[in-house]
Amino acid sequence: TEDVPIMDITTPRNASLSGFYKRSFAYFTIKERLPRILTQSIDILVRNKEEIGKEYGENAKEELKTVIGEISKLKYEIQTNKPMQEIRSDAPDAKLYNEFVLQQPNKTYFTAVWLHAECYMYRRIREIFEQTQSLQSYDLFQIQKRSSFEANLAAVLQLSKYLVLKLADGQDVKSEFIKLLKLNLWGNQCDLSFSSGIVEDCSDWFQILDSLQPNIVSDQSEDVWSAVSDTNGSQIIDIVLDNSGYELFTDLCLADFLITHKFARSIRIYVKNMSWFVSDVMKRDFDWTLRQLLASDDKDMKYLGERWTKYLVDKVWVIIEDDFFTLPHDYSLMAATAPALYRQMAQAKVVIFKGDLNYRKLLGEKNWEPSTPFNVALQGFGPSKVVSLRTVKCQLICGLEPGVAEALSSKDPDWESTGKYGVIQYCDDIRKLD
Ligand SMILES: O=P(O)(O)OC[C@@]1(O)O[C@H](CO)[C@@H](O)[C@@H]1O
Ligand SMILES: [Mn+2]
C-alpha cells in the first residue's frame, strides 16, 4: 500500500468513515481485520476439505482449489488497494452493487467509504461461491457460527431457565423487560468478525448486568418500554437481527417475551440472505439454532424450541429475507431503493435494529458530532419508531450528552472500538428531509 495517498489523521468531523484516514478503526479493519478474516476462512476450508468433499461431492474438492485461489486474490486486491471490480452475477442485487460502486467518487478499498468497501468484500465472497457448480450453497462462516453457539451453551441454558420460570410470571413486567433489553444489548458483544473467528464465552450476564449500567452511554430504555407497551395501534414488532449464536438466542428471548406479555401479536424477524460479516444470521442459522434447542437434553431449552417452532408455524413469528440488508446502501436510502420493504416496516409498532453494522447504516457511516440527536443522525430514515441496541465497536456515535464522548476518550482512548460500551437509542420523531 506504499503508493496509496492515505492521510495520517483521524476521521474529520462529519466525514464518512474510510480507510483513507490512517488513524481510524476503518483503516485498521481494511489493513488488518479483513485480510485476517480471509486468511482464517482459507484455513478452515483447507482443514475441512475432506468433510466438504463428503457433503458436496468429489467435484467440490476440485472446486475448493479455485475458491481458495479466488479468496486469496480478493485478499491481495484489498491489501494493494485495488478498485472494487464489477460483481459478475445475474443475481438482482449484483446489478445494484455495480451501479452503486460506479456512482461513488472513490472506488478503491482504502479510499471508498468503509461501509461500502466492507459490504463489497462479503458480496465478493458470495460471488466466488456463486461461480462454482458444487458449492453454490456453501456458507464460508457456518462452522464458526455453529461453534460459537456451542461455546455459549452455559449462557443459553441460564437464560432459558430465566425466561421459562421468571419472565413468564407477569410480576413487574416493565423491569423484567428492561433487564431483558439490556441483556440483549450486551449479547451484541458476541460477534465473530470482531473476535476474528475466536469464539468467546459470554456467560453470566445476569450477574453483571447492574455493574454494566455505567457502560450504557446513552440509555433510552424507558422510551423503548413506553413504545413497546403501547397497546393502541399496530401490534407488529420488527427486529432486524445481527449475529448468530448467543446474541440470536437473546433476540429470540426478547421476541418471546413480547408475545407472552401481549406487546405484539406478531414479530417479523429480518435475516441476511448471504454469509455476512462472519457471524450474521441467515435463515439457515436460525433454523439450525431451533433444531439445537429441539434436540437439547435440557427441558427448558427443548420447551422453548417447541414453542418457537410453533410460533413460526402459526406465523406469530415471521422470518423475512430481503436483499436490502446485504447491500452497501445505508438506511437513509431504503425508501428509494427498497420501497416495499420501507412500507412494510412502516406497519410496525417499532423496529428494533441490532448491532454495530445496523448502527453504521442508521447513521449513514458518518462521523457525527457525538451530541448530534439520534433523529438528526438518522437523516430522514424512519418508517416507524426506531430502536437501536448496539455495543460500540467502531468510531461513530450520536445522541450523547455534551462532554460524554470527550470524557470517555480521555479515560479510555479505545472506548469506541472494544464493544465495552453500549447504546439503547430510540426515535419517534423523525426529521423528514425535503
Ligand atoms: O454488526 P456487528 O456484528 O455488531 O458488528 C460488526 C463489526 O464487527 O463489523 C465492523 C467492522 O468489521 C465493526 O464495526 C463491528 O465491530
Ligand atoms: Mn454482525
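This is a chat about a predicted model, taking in its manganese site, a buried helix, the cysteines and a few single residues.

Me: Hi! Let's start with the metal. Which residues coordinate the manganese ion (ligand 2)?
Reply: Happy to help! In this predicted model, the manganese ion (ligand 2) is held by Asp242 through OD, Asn243 through OD1 and Asp280 through OD, at 2.1 to 2.2 Å.

Me: And how are those donor residues spaced in sequence?
Reply: The pattern for the manganese ion (ligand 2) is D-N-x36-D.

Me: Are Asp242 and Asn243 buried or exposed?
Reply: Asp242 has a relative accessibility of 6%, so it counts as buried. Asn243 also counts as buried, because its relative accessibility is 1%.

Me: Does anything else touch Asp242? What about Asp356, which residues is that one in contact with?
Reply: Setting aside neighbours within four places in sequence, Asp356 is in contact with Asp242, one of the manganese donors. The other contacts of Asp356 are Asn188, Arg390, Thr391, Val392, Lys393 and Cys394.

Me: Where does Asp356 sit?
Reply: Asp356 is part of helix α16. Its relative accessibility is 7%, so Asp356 counts as buried.

Me: Tell me about α16 then. How many of its residues are buried?
Reply: Eight of its eight residues, so helix α16, spanning residues 355-362, is mostly covered. The buried residues are Gly355, Asp356, Leu357, Asn358, Tyr359, Arg360, Lys361 and Leu362.

Me: Nice. What do they pack against?
Reply: A mix of helices and strands. On the helix side, the buried residues of α16 pack against α5 (114-130) and α17 (374-377). On the strand side, they pack against β2 (236-240), β5 (350-354), β6 (385-391) and β7 (422-427).

Me: What follows α16?
Reply: Gly364 follows α16, and its phi is positive, near 65°. Glu365 has a positive phi too, near 55°, and Glu365 is not a glycine.

Me: Why would a positive phi in a residue other than glycine be worth a look?
Reply: Most residues other than glycine have a negative phi.

Me: OK, where is Glu365, and is it buried or exposed?
Reply: Glu365 lies in the loop between α16 and α17. Its relative accessible area is 1%, so Glu365 is buried.

Me: Which other residue has a positive phi although it is not a glycine?
Reply: Val278 is one, with a phi of about 65°. Val278 is found in the loop between β3 (266-271) and α12, and it counts as buried because its relative accessibility is 2%.

Me: Switching to cysteines. How many disulfides are there?
Reply: The structure holds zero disulfides.

Me: Why doesn't Cys119 form a bond?
Reply: The closest cysteine sulfur to that of Cys119 is in Cys394, and it is 12 Å away, so the two are too far apart for a bond. Cys394 is likewise in no disulfide, with the sulfur of Cys119 as its nearest cysteine sulfur.

Me: Are those two cysteines buried or exposed?
Reply: Cys119 is buried, with a relative accessible area of 0%. Cys394 counts as buried at 0% relative accessibility.

Me: Now helix packing. How do α11 and α12 cross?
Reply: The axes of α11 (residues 246-260) and α12 (residues 283-294) come within 11 Å and cross at roughly 80°. That makes α11 roughly perpendicular to α12.

Me: Which residues make the contact?
Reply: From α11 there are Leu248, Phe249 and Leu252, and from α12 there are Asp285, Phe286, Thr289 and Leu293. By type, the residues of this contact divide into five nonpolar, one polar and one charged.

Me: Last stop. Where are Ser148 and Ile87?
Reply: Ser148 is in helix α6 (residues 142-151), while Ile87 lies in the loop between α3 (58-79) and α4 (92-103). Ser148 is buried, with a relative accessible area of 5%, and Ile87 is buried with 2%.

Me: How far is the C-alpha atom of Ser148 from that of Tyr246?
Reply: Those C-alpha atoms are separated by 7.5 Å, and the two residues are 98 residues apart along the chain.

Me: And what does Ile87 touch?
Reply: Not counting residues up to four places away in sequence, Ile87 touches Ala94, Tyr97, Asn98, Tyr120, Arg123, Arg124 and Glu127.

Notes:
Residues are numbered from 1 along each chain as its sequence is written. Chains are lettered from A and ligands numbered from 1 in the order in which they are written. This is a predicted model: local features need pLDDT of at least 70, side-chain atom pairs count only at pLDDT 80 or more; totals for chains, interfaces and linings use all residues. Side-chain values use heavy atoms; hydrogens and water are left out. Donors are N, O and S atoms within 2.8 Å of the metal (3.2 Å for Na, K and Ca); water is not among the atoms, so sites may look incomplete. Buried means under 20% relative accessible area, exposed over 50%, partly exposed in between (1.4 Å probe, protein chains only). Helices (H or I, at least four residues) and strands (E, at least two) are DSSP runs, numbered from the N terminus. Contact means heavy atoms within 4.5 Å. A disulfide is a pair of cysteine sulfur atoms within 2.5 Å. Axes are lines fitted to C-alpha atoms, for helices over the stretch in contact, and angles run from 0 to 180 degrees between N-to-C directions. Angles under 35 degrees count as roughly parallel, over 145 as roughly antiparallel, 65 to 115 as roughly perpendicular and the rest as oblique. Ala, Val, Leu, Ile, Met, Phe, Trp, Tyr, Cys and Pro count as nonpolar, Asp, Glu, Lys and Arg as charged, and the others, Gly among them, as polar.
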